[in-house]
Amino acid sequence: MKTLNPILVLIVMFFVGRYNNTDGKITKTITVDSLGACQGISYQNGRYFLYGDREVGVMRGYKLQKDSLIYQHQEYKFTVKGENIIQHPTGIAYHKGLPTFVGNSVKQNAEGTVWKAVINSINWQGFLKTKTLDGNLVKTIEDDACIQGTRPEYVSYKGKWFVATADYGNKANEVRLYNPAALSKANKTSEKGILFKKFTCSPWVQNLHYIADKGILVLIQNQIEGRKWRLTFLDLAKSINSGKESVIKVIDTDKLDELEGFTFTDKADKGIAVSSSRKNNVSFMEFKVGG
């Protein structure tokens, strides 16, 4: 009786394993319009807010029904007296009882090598009520501690909440944690007492998503500049303690456009990802619980 070549067995097992890997499987893709290029998604109190860079920075409210997002006829504009204040929203850091921050990353040259990064402190409940920033823009903070762009998200470390943000480029990328109380009063993030901790991370980070009950920070990324989807799951505490990203797992998909945002729903195995494409820009994903 012939024995199988062990190398051949390993090759077969490798390809079978890849074929059966359904973690992060895209189950359905739909089109959500009127956002311009969608830049992210934020799940708050049963509502999903998608935001983008239409003729002005804009955000719209949706409800999840089965595997579709239903527009709730709630549109919010990041404007003051009609002026476009947050032109390119790149992250919403929301946590009940803490200041709300919205990022704004703007290219300063055609090559995209010079950026202006701003974090805006916003009266969130007022913004949701009046649907503009008029009277609700509390503070504009220059994120000069960043390397390339800003994308705020709340995270917790040792029982305290911080505003995390990350860079986009492929050189010297970092995730930085800012003190939210100090940040809300600052003019620049380079001021003393703002930066709490930082660690290095992989490139092309478009947004951040924090899984609070697991202490996991998800880097919402592209595999190459502006293209191909990647989700990198980090152990936040280990990353902070070591000064570099501590990777739990990486999920790449075969989607070729520009991934911009992601959030888990209220179910641990369901997620929603958004891209900057004008069509087929919202995808529903399934995950292995505990995988």
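Which backbone nitrogen lies 3.0 Å from a polar atom of the side chain of N179? The backbone nitrogen of A181 does. This pair belongs to a predicted model, in which local features need pLDDT of at least 70, side-chain atom pairs count only at pLDDT 80 or more, and totals for chains, interfaces and linings use all residues. Residues are numbered from 1 along each chain as its sequence is written, and side-chain values use heavy atoms, with hydrogens and water left out.

The chain holds 22 strands and four helices. Both kinds of element are DSSP runs numbered from the N terminus: helices are H or I runs of at least four residues, and strands are E runs of at least two. The radius of gyration is 20 Å, which agrees with the value near 19 Å for a compact globule of 291 residues. That radius is taken over C-alpha atoms, and the globule rule is 2.2 Å times the number of residues to the power 0.38. Along the principal axes, the C-alpha atoms fill a box of roughly 80 × 40 × 40 Å.

Of the 291 residues, 48% are buried. Buried means under 20% relative accessible area, exposed means over 50%, and partly exposed lies in between (1.4 Å probe, protein chains only). Contacts with a separation of 6 or more were also sorted by sequence distance; residues 24 or more positions apart account for 49% of them. A contact here requires heavy atoms within 4.5 Å. The chain exposes about 14400 Å², and carbon and sulfur atoms supply 52% of that area. Accessible areas come from the Shrake-Rupley method with a 1.4 Å probe; for residues, only the protein chains shown count as cover.

Charged side chains number 40 positive and 28 negative. The centres of the two sets lie 4 Å apart. Lys and Arg count as positive and Asp and Glu as negative, while His and the chain ends are not counted. Each charge is placed at NZ of Lys, CZ of Arg, CG of Asp or CD of Glu.

Several polar contacts involve residues of helix 3 and its flanking loops. A polar contact is a pair of N or O atoms within 3.5 Å; within protein, one must be able to donate a hydrogen and the other to accept it, and residues adjacent in sequence count only if both atoms are side-chain atoms. N179 sits in the loop between strand 14 (174–178) and helix 3. N179 counts as partly exposed because its relative accessible area is 29%. A polar atom of its side chain lies 3.0 Å from the backbone nitrogen of A181. The backbone nitrogen of A182 lies 3.2 Å from a polar atom of the N179 side chain. Leaving aside neighbours within four places in sequence, N179 touches F162, G193 and I194. N179 and S242 are 63 residues apart in sequence, with their C-alpha atoms 20 Å apart in space.

A181 itself belongs to helix 3. With 45% relative accessibility, A181 is partly exposed. Its C-alpha lies 10.0 Å from that of W161, a residue 20 positions away in sequence. The backbone oxygen of A181 also takes part in a polar pair, 2.7 Å from a polar atom of the S184 side chain. S184 follows in the loop between helix 3 (180–183) and strand 15 (195–200). S184 has 17% relative accessibility and therefore counts as buried. Beyond its neighbours within four places in sequence, S184 is in contact with P99, F101, S121 and K139.

A side-chain pair is found at K249, in strand 19 (residues 247–252). K249 is buried, at 17% relative accessibility. Its side chain makes a polar contact of 2.6 Å with the side chain of D23.

Positive phi values occur at two residues described here, H73 and K131. H73 is not a glycine, yet its phi is about 55 degrees. H73 lies in strand 5 (residues 68–77). Its relative accessible area is 66%, so H73 is exposed. For K131, phi is near 70 degrees. K131 occupies the loop between helix 2 (124–130) and strand 11 (137–142). At 30% relative accessibility, K131 is partly exposed.

I224 lies in strand 17 (residues 216–224). I224 is partly exposed, with 45% relative accessibility. I224 and L133 are 91 residues apart in sequence and 35 Å apart in space, C-alpha to C-alpha.
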